[in-house]
Amino acid sequence: MTGRQKLIGSICTLLGSSLLAFFLGVIAPGDPALEVLSMNGMSEPTEAELAAKREELGLNLPIWKQYMHWLGMVLQGDLGVSYITQQSVSVELIQRLPITLSLACGALVFASGFGIPSGIILAMFHNRWIDYIGRVWITVWTALPSFLNAILFIIVFSEILHWLPTSGYGTWQHFIMPSIVLGLGTSAVLMRLTRAAVLDILHQPYIATAKAKGIHTFVLMLRHVLLNAFIPLITVIGNYFGGILGGAIIAEVIFSLPGIGRFAVEGIFRRDYPVMQGYVLFTACVYVLFNTVVDILYGLIHPQLRRSEVLK
């Protein structure tokens, strides 16, 4: 796929996501005008007040005009005003983004730092007891849901051992359990993929030739095996980072972290439509951004891929 095709695909993805985000607010139950007035302290607004608020919000316009007006505001960086906080949704997301990014980066560091080396070890000890134990580990942590892992970690490390805080935000210790819980499933996936990729490469003829030439095992793994194994891993890491940002909702709610995931959940429960729309659009932008980063990394690791695209 050429760079132009990727750009067109990214634009179409963002446009489709904007349609989805907008229509979430349209088809959601309830009256946005009533929700706004209720948040302002009016328990039973009159029909005249509701009509005036609908006129103010542009709800009387045709759907396509509402969408074009909303899209124009989005392109200017305005995602509307939260019914809950009466603050700009864009400002709220930006303020909470560092917390979610810290959590996601911690989860990705744990997943990569544990999953990739462990997968290499399993491949090097193929069909030995270490490999069998590792495959059981992969199966268990891939199957267990995040919320169950979170409960188990809280019981063990907070209630029994008293090593880490149960919830809250303020110090780096508050991010340890949420990051591990969020990254456990991804670490198991990376371990499995790394093991499979390394095993496949180790059986290639050029590896046997390199061994026959007396190349040291460390050099062989670093220059020939890992470099080629990183191609599928980069795709997984890039896609899973976007998934981790979305999956951070569970960790943020359970561990009481004031990130964008918890903000979105509060918006869903209170029918805060601008927050819901802003979160969906933000998540789509994250996926497109990290897919672009993955493409760039492809070109850096294997320049021949970039040259082949230029020749098309």
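Which pattern does the protein follow when read along the sequence? In this predicted model, the pattern is α-α-α-α-α-α-α-α-α-α-α-α-α, and the protein accordingly comprises 13 helices and zero strands. Of the 312 residues in the protein, 39% are buried. Among the contacts with a sequence separation of 6 or more, 72% are accounted for by residues 24 or more positions apart.

The largest nonpolar core contains 25 residues, of which L103, F153, M177, L182, I244, F255 and L257 touch the most other members. Two or more residues are given to this core by each of the helices α5, α6 (129-143), α7 (146-160), α8 (176-202) and α10 (217-254). When residues up to four places away in sequence are not counted, I244 touches A104, A107, L108, L182 and T186. A second core, separate from the one just described, consists of 15 residues and includes L71, V89, V275 and L281.

Helix α8, one of the contributors to the largest nonpolar core, is largely enclosed by the rest of the structure, because 19 of its 27 residues are buried. The course of α8 is interrupted by a kink of about 40°, which is centred on L184. A pairing of positions distant in sequence is found between A188 and T139, which are separated by 49 residues along the chain but lie 7.8 Å apart in space, C-alpha to C-alpha. T139 belongs to helix α6, and this residue counts as exposed because its relative accessibility is 54%, the cut-off for exposure being over 50%.

Helix packing was examined for α5 and α11. Helix α5 (residues 89-124) packs against helix α11 (residues 260-269) at an angle of about 130°, and the axes of the two helices are 8 Å apart. The arrangement of α5 relative to α11 is therefore oblique, since the angle falls neither within the range of 65 to 115 degrees that counts as roughly perpendicular nor over the 145 degrees required for roughly antiparallel. On the α5 side, the contact is made by E92, L93, R96, L97 and T100, while α11 takes part through I260, G261 and F263. Classified by residue type, the contact of α5 with α11 has four nonpolar, two polar and two charged residues. Helix α5 thus takes part in the packing with α11, and α5 is also among the elements that give two or more residues to the largest nonpolar core.

Definitions and conventions:
Residues are numbered from 1 along each chain as its sequence is written. This is a predicted model: local features need pLDDT of at least 70, side-chain atom pairs count only at pLDDT 80 or more; totals for chains, interfaces and linings use all residues. Side-chain values use heavy atoms; hydrogens and water are left out. Axes are lines fitted to C-alpha atoms, for helices over the stretch in contact, and angles run from 0 to 180 degrees between N-to-C directions. Helices (H or I, at least four residues) and strands (E, at least two) are DSSP runs, numbered from the N terminus. Angles under 35 degrees count as roughly parallel, over 145 as roughly antiparallel, 65 to 115 as roughly perpendicular and the rest as oblique. Contact means heavy atoms within 4.5 Å. Ala, Val, Leu, Ile, Met, Phe, Trp, Tyr, Cys and Pro count as nonpolar, Asp, Glu, Lys and Arg as charged, and the others, Gly among them, as polar. A nonpolar core is a set of buried Ala, Val, Leu, Ile, Met, Phe, Trp, Tyr and Cys residues joined through side-chain atoms within 4.5 Å. Buried means under 20% relative accessible area, exposed over 50%, partly exposed in between (1.4 Å probe, protein chains only). The bend at a residue is the angle between axes fitted to the seven residues ending there and the seven starting there.
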